[in-house]
Structure formats: structure tokens, C-alpha cells
Amino acid sequence: MKYQSQKVALAYFACALALFAIQVLGGLLAGWIYVSPNFLSELLPFNIVRMLHTNALIVWLLTGFFGAAYFLLPEESEREIFSVKLAYIQLAILMVGTLGAVVSYLMGIHEGREFLEQPLWVKFGILVAAVIFLVNVSLTVLQGRKTAITNVLLLGLWLLSLLWIFAFINPENLSLDKMYWWFVVHLWVEATWELVMAAILAFLMLKLTGVDREVVEKWLYVICGTALFSGILGTGHHFYWIGTPGYWQWIGSIFSTLEVIPFFLMMSFAFVMVWKGRKNHPNKAALLWSLGSSTVAFFGAGVWGFLHTLHGVNFYSHGTQITAAHGHLAFYGAYVALNLAMFSYAMPILRGRTPYNQVLNMASFWLMTGGMAFMTFVLTFAGTIQTHMQRVVGDYYMDVQDALDVFYMMRFGAGLAVVIGALLFIYSLAVVRREVIAPGPNAVPGE
């Protein structure tokens, strides 16, 4: 570790991992409710469980992004973070807001808008934390060296923070409400978060492969351009059926099809960098997560997104388990696995315990990725059957759900594998491995 202020990232990573554990356990509970709908229905209704699952996902991913920024910016900018105290204040606000949101949900207090259910005071807290963060990282970069990685990372972080303002706009007109809602949800995960992902992935490739910075930066700018070009107007694939003009069906279909390109470029970028690299980095687990992230993101966000993005297909498939299949694999590949790659690289450095237990870490990768892939296939088949029975044949919704029981059982089994893998990952980073030192040739037995 070159800079002392990088230690603040460890607190962010620890909080993110705690929320990660809560998120996957909440997902497992939600999966079981699909199997047994009346489970905890009085004590903890499904809509509250789902809120906890999705909100914990968003908060821990953002916390991981913030921690990653505080770790990589000193190395890229070649200076300490502007204010470590501000970074800790920001983290405290985020955690208090998260706790407040959870308590509010359990008491039935929420705004009811999917992903944006947070009470108004929590939204303001998140905005304050975002402003503190932007001031801190911007002054760090402005006073230090500027690189393509810091430029793209700052662009992504500024845009995602500014787009949060739309979370406060909640018009009575449902079509307008959904338009502003998608300005946050879509333009986060399919535009600005992609910039953050590309910047962090570029930093990891730079450290893990030894490829020249010039090569990494050229790839990064191309990925950045294609992500914004396709992602902004790609928002149109959410405007198909919310009362907007019909031309959005064509704009959405065309540009959301192009959204496959940046994810394909990121996957190609990662593998080309490893192929060109001349550095045999000892942290194989971080490299595995980096390659896995870009690959699964391409299939989850790219291929599975394309499967139902054309308006002629989406007319029948929207809101079915096909959407759930795409959402789970896309989030896991693009953002979950990327954060875990950064944790795998940075935490051993921050904790001064390199090498760490990489075998368990890599085992957790295959367990989580295998579980998520199986879950995606199960939900895809379930969604295809649901689409035909419900949207084509016209069967009643609850009759269709009864017919999908076997798929929900398999989805729960896949979720169990993901949870075990997640807990294994946390254990591999949190628990210090005992180093076994082989005795020397002159050692006395028993000493």
C-alpha cells in the first residue's frame, strides 16, 4: 500500500460485504416465498422482503464503488485522498440512512416506487453523502495526476450522483412518473455504472497484467463512448408500454440492441489484456473475478438483455420471469463480480496479508457463478412457459404460477448455492489463513 489514506477503503469494503451477506440471504428468503407463498406472510410480507433484497443490493454495490474509488484514486492521482475525515463521514451517513430505510420498511413506511422506496429523509441523506463524495474525489484528482481511468471514473460517479436528483421527482401522472423513474434506474445501471465498471476493470487489468497504460486507455475510451451512445437512448426500451409515443418502440429497439457492444468490448478487453500481459501476478483470484465479471456481464446484460429487448418480443415477455433471469445475471456479472474482484485485489493489500486464501476465494467464484448461471436458465425456461400460458393462451395468473412450482424449487436451490458461495467469499477475505512454514534441513524435531 503506497498511500495511508487508502485505508479508508477497507471500512467501505467491510460495510459492503456485510450488506452483501444480508442481500443474498434476503434473496434466498424471497426465493423460498415463491415456493411457499404463505411463509412469514404476516410477519414479513413478500413486498418488504423484496425491498430489503433490492435496496441492499444497490447500497452495497454503491458502497463498494465508493471504496474502490478511494483505493484507486491515490495510486492514479499519485497523492493522498483530499480528506479522510470526509470519507468516514460519508460512510457514516450512508450506513445510518441504510439502517433508517430498513427500520422504515419493517414498519411499513416507504414510497412504494420500486428500487426508490426510501423515505424522503433517507433520499436526502444519500444526496448529502454523494455531494461529500464528489467534493472529496474531485479535489483529489484535480490536485494530482490526471489519467484516463480517473477521468472516466469521475464522469461515471458525477453522472450517477446527479441522476439521483430524479429520485425526488414523483409526479401524479403515471407515465411521467415512470419516465423519471427510469432516468435513475436505467441510466444508472445501463450507462453511468458501466463507466464506473470500465474504469475499475481497467485499473485491475493495469495492475494484474502489466499491459502498457496507453493500450488500456485506448480501450477504455472506446468502451466509454459506446456505453453512453447506446445506453442513453437505450432507455427507450422501458418506454414501450407506459403511454409514451410509438416512436420509442423503434428508438428503444435499435439503441438497446447496440447496448450489447460495450459489454462485448469489456469482455474482449479483459481477455486481450491478459493475453498481451507479461506480468505473472500472484493474485489469481482477483484475475479470475475480473475475467468472470466481464464474461458474465456480456451474457447477462448483453445476450439475455437482447433476448427480450425488441418491442415485438417485449410485448409478450415484459414483466415475466425472463426479466428476472436477465436482471439477476446482468447485476451479478457487471457489478457484483466486479466489486468482488476489487475486494479480492485490494483487501489483502490493505490488511497486509498477501497471499491470502485464494483457493477458497476461487471456489466461491465457481459456486456463485454456477449457481447464478443455473438460476438464469431456470428463470428463462419459467419465463418462456409463463409468457406462452399467460400472454398467448390467456390462462389466469395464479394458475400459471402453480404450473411454475418446479422451476421455483430449482431457483431456490440455485440461490442456496449462491449464498454458500457468498459466505465462503467473505470468509476467505475476513479470516486470516494460518501460514504453514516447512522446517529447514537443520531443524530439530519437536522445535
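What follows is a chat between a trainee and a mentor about this predicted model.

Trainee: Let's start with salt bridges. How many are there by the rule used here?

Mentor: To count, a side-chain nitrogen of Lys or Arg has to be within 4 Å of a carboxyl oxygen of Asp or Glu. One that passes is Lys207 with Glu75, whose closest N and O atoms are 2.7 Å apart. By this rule the total is seven.

Trainee: How many residues apart along the chain are Lys207 and Glu75?

Mentor: Lys207 belongs to helix H6, which covers residues 174–209. Glu75 sits in helix H2, so look at how the pair links distant parts of the chain: the separation is 132 residues.

Trainee: And are Lys207 and Glu75 buried or exposed?

Mentor: The cut-off for buried is under 20% relative accessible area. Both Lys207 and Glu75 get the label buried.

Trainee: Next, Glu111 and Lys123. Which of the two is buried?

Mentor: Their side chains meet in a salt bridge, 3.2 Å from N to O. Glu111 lies in the loop between H3 and H4 and Lys123 in helix H4, so the bridge ties together parts 12 residues apart in sequence. Glu111 has a relative accessible area of 32%, so that residue is partly exposed. The other partner has 0%, so the buried residue is Lys123.

Trainee: Which residues are linked with Arg213 in a network of salt bridges?

Mentor: Begin with the side chain of Arg213, which meets that of Glu217 at 4.0 Å, N to O. Those two both lie in helix H7, four residues apart, about one turn of the helix. The network brings in another acidic partner too, giving Arg213 links with Glu217 and Glu76.

Trainee: On to aromatics. How do the rings of Trp181 and Trp182 sit relative to each other, stacked or edge-to-face?

Mentor: A pair of aromatic rings is described by the distance of the centres and the angle of the planes. By the pairing rule there are 38 aromatic pairs. Trp181 and Trp182 have centres 4.4 Å apart and planes at 80 degrees. Planes over 60 degrees apart get their own label, so this pair is edge-to-face.

Trainee: Are Trp181 and Trp182 buried or exposed?

Mentor: Trp181 has a relative accessibility of 2%, so that one counts as buried. Trp182 has 17%, and with the cut-off at under 20%, this residue is also buried.

Trainee: Which residues form an aromatic cluster with Trp164?

Mentor: Tryptophan, phenylalanine and tyrosine residues all take part in this one. Alongside Trp164, the members are Phe65, Trp188, Trp193, Phe331 and Tyr335.

Trainee: What about the backbone at Glu78: what is its phi?

Mentor: Glu78 is in the loop between helix H2 (46–77) and helix H3 (84–106). With a relative accessible area of 49%, Glu78 is partly exposed. Although Glu78 is not a glycine, its phi is positive, at about 60 degrees.

Trainee: And what is the phi of Phe115?

Mentor: Phe115 lies in the loop between H3 and helix H4 (120–142). At 19% relative accessibility, Phe115 counts as buried. This residue is not a glycine either, yet has a positive phi of about 70 degrees.

Trainee: Last one: which residues form the negative surface patch around Asp399?

Mentor: Asp399 is in helix H14, residues 397–403. Its relative accessible area is 45%, so Asp399 is partly exposed, and a patch needs residues with over 30%. Together with Asp399, the patch is formed by Asp395, Asp402 and Asp405.

How values were computed. Residues are numbered from 1 along each chain as its sequence is written. Side-chain values use heavy atoms; hydrogens and water are left out. Patches are made of residues with over 30% relative accessible area and no salt bridge: like charges are joined within 9 Å, nonpolar side chains (Val, Leu, Ile, Met, Phe, Trp, Tyr) within 5 Å. Accessible areas come from the Shrake-Rupley method with a 1.4 Å probe; for residues, only the protein chains shown count as cover. Lys and Arg count as positive and Asp and Glu as negative; His and the chain ends are not counted. The place of a charge is taken as NZ of Lys, CZ of Arg, CG of Asp or CD of Glu. Buried means under 20% relative accessible area, exposed over 50%, partly exposed in between (1.4 Å probe, protein chains only). Rings of Phe, Tyr and Trp (its six-membered ring) pair if their centres lie within 6.5 Å; planes under 30 degrees apart count as stacked, over 60 as edge-to-face and the rest as tilted.
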